[in-house]
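Biologist: I am new to this structure and would like to know what stands behind the terms used for it. Could we take them one at a time?

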Amino acid sequence: MAHEYTIGEAAELLNVTRDALRFYEKKDLVRPDKKENGYRFYSENALSILMDIIFLRKIQCSIQDIKAMYENGTPQYWQDFLNLRIQEEEEQIRMHQQLLRQLKVSKRNSQKMLQHWNRFSVCAMPKSYILSEMMEDFEQARNQWFQAAGETQGMEHCYIHEQWKPNGDGGYQYLCYLILEDFAVKELKLEERAKALSSFQFEHCVHTVCESLSMSPDKEIIRNMYQWAGKKGICLTGEIHSHYLWNYQEEGRFKKSYIEIYMPIEENKP
């Protein structure tokens, strides 16, 4: 004799709630049998149907999908549907992988801020790829950053890099441009694009991450870096390289930013 299952027994066997079974019944996906006395029960066949429904819900099929599947009922329809779901899931995986890579690049910036904020040290400036022409106007570089981020996924992680080089008469030549560090290029899978780009790096620099009232370093921090290097007997080339990492705001208004600064050391001097 075939076994008859109450709604409670069926829910326990299938590891779902009674409300879920009532929901599937309401949507006409399964119907309990009734005896003459009105007693409702699930047959073994009904449990098989429910098992299929639960599986389909686990692979994120909608109620409409399940109904369409049962109405068509052919192996070809089932295969076509699965192929479509596989394509959708693969696209979701690609999107999540891209998001994960971007999160890792952002985490590197947060690590820089935590480890180097208001601390002076000597370290290398990582290899960086130049993604734009060199400009004398920061706003122009920033606008190119906005445009690049809108056109190409991952370009949000470009730095608006600023550099000051001594011009020989006591002044500085100022340039700014977009760069992407080697870590970000590799993490974001942009190696092919980077092959055609110019790059630069410095083996030894005085380095810090500091706060600023703008997206550029304050003059006071530059003076402090020079003083620190002098006390350590470090000879600097006079170049200054910096880029904006992140900002802090209060009540929707810009408060301050976090800036990373590299000042190259003369390699032929101690």
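Modeller: L103 is found in helix α5. The model is a predicted one.

Biologist: What makes L99, L100 and L103 a nonpolar patch?

Modeller: A nonpolar patch takes residues with over 30% relative accessible area and no salt bridge, with nonpolar side chains joined within 5 Å. L99, L100 and L103 form such a patch on the surface, with about 280 Å² of accessible area together.

Biologist: How do you know that β3 and β6 pair?

Modeller: Two strands pair if there are at least two bridges between them. Six bridges join β3 (residues 121–130) to β6 (residues 199–212), so the two are a pair, and they run antiparallel. M125 stands opposite F202 in β6.

Biologist: What makes β6 and β8 a pair?

Modeller: The cut-off is again at least two bridges. β6 and β8 (residues 253–264) have eight bridges, in the antiparallel sense, and therefore pair. C210 stands opposite I259 in β8.

Biologist: Why is the space lined by V105, R108 and N109, among others, called a cavity?

Modeller: In a cavity a 1.4 Å probe fits but cannot get out, whereas a pocket is open. Two cavities of 30 Å³ or more are counted, and the largest holds about 70 Å³ of space. Its lining also includes H157, Y159 and F183. α5 (75–116) and α7 (182–187) are the elements that give two or more residues to this lining, and α5 gives the most, with four.

Biologist: How do you know that the second largest cavity passes the count?

Modeller: The count takes cavities of 30 Å³ or more, and the second largest has a volume of about 40 Å³. Among the residues that line the second largest cavity are Y129, L131, M155 and R193.

Biologist: What makes eight residues of that lining nonpolar?

Modeller: Tyr, Leu and Met are among the types that count as nonpolar, and Arg counts as charged. By class, the lining of the second largest cavity has eight nonpolar, no polar and one charged residues.

Biologist: Why is the space with N109, E156, H157, L245 and W246 nearest its centre called a pocket?

Modeller: A pocket is an open set of points with protein on both sides within 12 Å along at least five of seven lines. The largest pocket has about 280 Å³ of space and is lined by 14 residues. The largest share of this lining, five residues, comes from α5.

Notes: Residues numbered from 1 in each chain as written. Predicted model: local features only at pLDDT ≥ 70, side-chain atom pairs only at ≥ 80, totals over all residues. Heavy atoms only, no water. 1 Å grid on protein atoms, 1.4 Å probe; cavity = no way out; pocket = protein on both sides within 12 Å on 5 of 7 lines; lining within 4 Å. Points joined across faces, edges and corners; volume = space filled by probe spheres on them. Patch = residues over 30% accessible without salt bridge, like charges linked within 9 Å, V, L, I, M, F, W, Y side chains within 5 Å. Areas by Shrake-Rupley, 256 points an atom, 1.4 Å probe, with all protein chains shown as cover. Salt bridge = Lys/Arg side-chain N within 4 Å of Asp/Glu carboxyl O.
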